[in-house]
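User: Please take a close look at one part of this structure, the main nonpolar core and the contacts around it, and then place that part within the rest of the chain.

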Amino acid sequence: MKFLQYTSIRQKIIGIILIVTIISLLGGFSFEIYSYILTLRKDLVNSISLNAKLISDYAVPTILFDDETEAGIILEKLKNIPSVLHGDIVNEKGKVFAEYFNKEFPDTSGFHQSENLLSNNKIIFISEPILSENDIIGKVNLVASTDIISEKSADHIRFIIIIFTLTSLFAIFLAFMLERIISKPILELSKTTRKIQSSGDFSVRVNKTAYDEIGLLYDSFNDLLKSIEERKVERDVAEAALINERESLEVRVKERTIELSTAKEKAEESDKLKSAFLANMSHEIRTPLNAILGFSNLFIEPGTTEEERHEYIRLMDVSGSDLIKLIDDILDISRIEANQVKVSLSECDVNEIAREVFDTFRQNLRDEASESSATPVLRIPDQNTDIVMLTDRLRLKQILLNILNNAIKFTPSGSIEFGYFLVEANKYITFYIKDSGIGIPFVKLETIFERFSKVADIKTKHYRGTGLGLSIALKLTQMLGGNIKVESEERKGSIFYVSFPYLRLNRLLPEVKQPLTEETKLSLEGRVVLITEDVDWNFHYLEILLGSVAGAKILWAKNGIEAVSICRDHPEIDLILMDLQMPEMNGYDATKLIKEFRPELPVIAQSAYAMNDEQELSISVGCSAFIAKPFTKKQLFDTISEVLSI
């Protein structure tokens, strides 16, 4: 590199411009060519794969009905794709069912054996399984040539070479033009420097002719002598400031160390909570699953009596409900933290909500804590006065039931009292839940509403639950403009107060239709019900409930296209149970099409995606009601009774 020491700035600038330009062009064009080749190959592979997929779809009936002639006709369509050298359809036993050979490439023997092609980069081998009802009944093998990639790549490279040559020539021309702009002012500065050095006259200044970086260099050079003394003063000041900064830095380091230590403790505590949550979730999920799997195996054991089978069914139903509640809690806290929970305000009768919540709570107490001797108590200030408040009925009930269910777990005896009262000249309405359970230690009163936290020590006794119920209740309460307070003493019980702003509404509420009781039987005699469901066992469950139990005539559609077609052919259909997630056409699109020619036909949406937006979207496309999977016989019959007004 010694020759650079004797090379002028002008030559270096020209050389740098040319080297950078050529390297950039070479790198960019090389990458572009490489990307272009990869894109060609990817497009070719995608095209062949798509054709293989189409052939596999069309080949299903030919294999099922052993129609080799039709299979051959399907493969003959490959002659429209010049890149395809060979294609075959192989049945599930490995036998070649039909073959296609490109006439321009007669020597294609052994192409159906993929191992013969692995070492050949000029060949693309695509194999697509042939599926019938999710079973592999054969496969489609296609072999394609990559010659078209080579041809297009060669043309592209020639074009790139022309562009590279023209760009390089233009870069040389620019290099000779631009170097003068930089080298000339530097040479002038060098001459002035030598003049000052020889004369010692520091009053000499460089005449500034430009306002770019060279102009800034001239300004700096002219100010150099003037600023020497000023910089000395600045240096002294900087040294003093450095000493002060060093002293204050030690103080800040100590403070930061304390902050990091606190943050570390919080992180460790959070990690412990997450670990405890994961362990608890594992227990909470495996417990009902163990019961479901265990009792389902006992159910089919020889010698099991009918009475024992009924008991096993009851226990499996209870375990299934526990598992659904667990999943609902996790989904609720996820939606709340993602700000995806919507509040729908309406006029609600407080006494009616209190009775509904108390009835559900009392049933939960019987089902989930049969060994508990706690007495449920309901306190309503005035049974004969309708107190109406503006709130989200569903979310209010969820808040109160979460706290009541929490009381069930920690109150083995005594009483659990639920009620409400108006405070501060009726500006607030406060619901309260009072229990005589184990109570809450004072040090944990501020943490019980945190996610995954639990009052009891799981090392001494395990209490069922995710530790999310109170956290969900608090966040929903805050969304409704309210707050929660708790008073508690260990071994003496707890009182939770849930308060909301209250504005008395003097408007009469419409009469709410009472749902069917568990004993009420729904009769659909003489009615025709279309069930759209792509999962066999889900259809059979509905078929038994609506056909065998309710007496309806059942029609079945496995996707949205079939549902629309059946509705056109059967004007006698009285009701549709529409699954929203189906192949080929989903329930939303199917409902829209059906409503175009049968706008009065009731449609009940059913889906395992139990999100608010799912329900709202189903109603917006024309569904009369929405029911989330899994659902019980009572829930289904209640919904049908409401939709059909029977």
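Analyst: The account below begins with the core, moves to the charged pairs, and ends with the wider chain.

This is a predicted model, in which local features need pLDDT of at least 70 and side-chain atom pairs count only at pLDDT 80 or more, while totals for chains, interfaces and linings use all residues. Residues are numbered from 1 along each chain as its sequence is written, and side-chain values use heavy atoms, with hydrogens and water left out.

The largest nonpolar core holds 46 residues, and the members that touch the most others are Ile403, Phe418, Phe431, Phe496 and Phe500. A nonpolar core here is a set of buried Ala, Val, Leu, Ile, Met, Phe, Trp, Tyr and Cys residues joined through side-chain atoms within 4.5 Å; buried stands for under 20% relative accessible area, exposed for over 50%, and partly exposed for the range in between, with a 1.4 Å probe and protein chains only. Two or more residues of this core come from each of the helices α6 (306-337), α7 (350-368), α8 (393-409) and α9 (469-479), and likewise from each of the strands β8 (415-423), β9 (428-435), β10 (483-489) and β11 (493-501). Helix α8 gives the largest share, 8 residues. Helices (H or I, at least four residues) and strands (E, at least two) are DSSP runs, numbered from the N terminus.

Phe418 shows the surroundings of one such member in detail: leaving aside residues up to four places away in sequence, Phe418 touches Ala354, Val357, Phe358, Val377, Leu378, Arg379, Leu400, Leu404, Phe431, Tyr432 and Ile433, a contact being heavy atoms within 4.5 Å. Apart from the largest core lies another, of 26 residues, among them Ala52, Ile74, Leu78 and Ile149. In soluble globular proteins, nonpolar side chains tend to be buried together.

Arg379, one of the residues that Phe418 touches, also forms a salt bridge with Glu417, the closest N and O atoms being 3.4 Å apart. The term salt bridge is used for a side-chain nitrogen of Lys or Arg within 4 Å of a carboxyl oxygen of Asp or Glu. This pair links distant parts of the chain, since Glu417 is in strand β8 and Arg379 in strand β6 (residues 375-379), 38 residues apart. Glu417 counts as buried because its relative accessible area is 17%, whereas Arg379, at 46%, is partly exposed.

A second pair that links distant parts of the chain joins Asp579 and Lys629, whose side chains meet in a salt bridge (3.5 Å, N to O). Asp579 belongs to strand β14 and Lys629 to the loop between β16 and α14, 50 residues apart, and both residues are buried. Salt bridges that share partners also join Glu352, Glu356, Arg393 and Lys397 into one network. Lys629 is further linked to Pro630 by a cis peptide bond, with omega about -5°, and Pro630 is placed in the loop between β16 (625-628) and α14 (633-644).

A salt bridge within a single helix is made by Asp57 and Lys53 (3.8 Å, N to O); both lie in helix α1 (residues 9-64), 4 residues apart, about one turn of the helix. Asp57 is partly exposed, at 43% relative accessible area, and Lys53 is partly exposed as well, at 36%. A search of the whole structure finds 14 salt bridges.

Two residues other than glycine have a positive phi: Glu133, near 55°, and Glu584, near 70°. Glu133 sits in the loop between β3 (123-132) and β4 (135-145) and counts as exposed because its relative accessibility is 72%. Glu584, in the loop between β14 (575-579) and α12 (587-597), counts as exposed at 67% relative accessibility.

For the chain as a whole, the secondary structure comes to 14 helices and 16 strands, and buried residues make up 37% of the 646 residues. Among contacts with a separation of 6 or more, 67% are between residues 24 or more positions apart. The same search for cross-links finds 0 disulfides, a disulfide being a pair of cysteine sulfur atoms within 2.5 Å; Cys567, at 2% relative accessibility, counts as buried, and so does Cys623, at 5%.
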